[in-house]
Amino acid sequence: MKIGILTGGGDCPGLNPAIRGFVMKSLDYGHEVYAIREGWRGLVQGIIDDKPLTVGDVEELIYQGGTILRSSRTNPYKDPAQLEAVKANIAKFGFDAIAALGGEDTLGVASKLYKDGYKTVGVPKTMDNDLNDTDYTFGFDTSVGVNIDAIDRLRDTARSHMRIIVLEVMGRHAGWVALNSGIAGGADWILLPEVPLDVEAMCAHLKKAYARKRYGIVVASEGVELPDVGDDEKKLDAFGHVILSDRNVGEWIANTIEQQTGIETRSAVTGHIQRGGSPSAFDRVLASRLGIRAAQCVHEGDFGKMVALKGTEVVAVPIEGAVGTLKTVPIELYETVKVLFSK
Ligand code: F6P
């Protein structure tokens, strides 16, 4: 078989190990895998290698962040001409199947192409961990690790200067990154998009904690709903998502805390640092297993599927069920762990 492979959307640690797993397993079956560069844009514009990927191209990828295939947020379904170009290039390059590694948007395109009669398989990735039908996405664990390191550093300086520091983290409209970073980093308050902002309760708790230890750490998701941030005027990406980093959530929260409590407060943003660097052991293993399983799906003709982690098993589920609805943090989980930052 001649298989095209692409990575779309925001990159995250684990993409390269997943590509490695997919290519190694496909070579084992005797198939050829061609690099489609820059996500769906590569299929629109024909940015496709003329030689298949070799073991030598992928064997060193296990510890490398980013994606050797490069990425873009291209939505060919937004423009009929682009969609026609995608279909023409699949035919021109003679692809028997397309493996798409991505989040909700990239896999949404793979799902639609499958419905249009094309043989696609999806591999879930996103640091946001917000994809339905898989317990975890790779990239998430590494990002949380970056944030924990940041929190440990912020705690040192917050303690020295008797300040509160707010760390703004990514995660889009799901609070998984903020929740896990906040729990593992021992934050004094955690703000998620799923939970309405309660400035009074947060400030009351921060004052109490400050009286005891004379510093405080708050972790805020970039997607937290704020009273006076006009999202209507904000820039949108190709899939219609607001660029959340423009909202400066961390800074807004820090200013509010300082005003309400009188305690000197600063903010920091880990931003795209969360998306770079060597993948964690968990992400390397998960990505490798998902890559292998996706190659198996292609070989067995099991298309329209996304490979997924369910418990300790890697399985194949319909892509359609994984996209469309986001996996957000259940309020009960937040309420359960709140004991860690309400004393
Ligand atoms: O979806 C991954 C993610 O890192 C989000 O957490 C964040 O909101 C967004 O991508 C940032 O996108 P970009 O890299 O295009 O600024």
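Axes here are lines fitted to C-alpha atoms, for helices over the stretch in contact, and angles between them run from 0 to 180 degrees between N-to-C directions. All views show a predicted model.

**View 1. Helix H1 crosses helix H10 in a right-handed manner.** The axes of helix H1, which spans residues 15-29, and helix H10, which spans residues 281-300, come within 7 Å of each other and cross at roughly 35°. On the H1 side the contact is formed by Pro17, Ala18, Gly21, Phe22, Lys25, Ser26 and Tyr29, and these meet a set of H10 residues that includes Arg284, Ala287, Ser288, Gly291 and Ile292, with Ala294, Ala295, Gln296, Val298 and His299 also belonging to it. Sorted by class, the residues in this contact comprise 9 nonpolar, 6 polar and 2 charged ones.

**View 2. The ligand and the residues that surround it.** Arg73, Met127, Asp128, Met170, Gly171, Arg172, Glu222, His272 and Arg275 surround the ligand. Among the polar approaches to oxygen atoms of the ligand, an N or O atom in the side chain of arginine 73 is found at 2.8 Å, a polar side-chain atom of aspartate 128 at 2.7 Å, and an N or O atom in the side chain of glutamate 222 at 2.5 Å. The ligand taken alone exposes 400 Å², and 82% of that is buried by the protein.

**View 3. Alanine 85 of helix H4 and its contacts.** Helix H4, made up of residues 80-93, contains alanine 85. Once neighbours within four places in sequence are left aside, alanine 85 is in contact with Leu43 and Val44. Although alanine 85 and leucine 43 are 42 residues apart along the chain, their C-alpha atoms are separated by 7.3 Å.

Methods:
Residues numbered from 1 in each chain as written. Predicted model: local features only at pLDDT ≥ 70, side-chain atom pairs only at ≥ 80, totals over all residues. Heavy atoms only, no water. Helix = DSSP H or I, 4+ residues; strand = E, 2+ residues; numbered from the N terminus. Left-handed = near helix turned anticlockwise from the far one by under 90°. Contact = heavy atoms within 4.5 Å. Nonpolar A, V, L, I, M, F, W, Y, C, P; charged D, E, K, R; others polar. Near = heavy atom within 4 Å. Polar contact = N/O pair within 3.5 Å; in protein donor to acceptor, adjacent residues only side chain to side chain. Areas by Shrake-Rupley, 256 points an atom, 1.4 Å probe, with all protein chains shown as cover.
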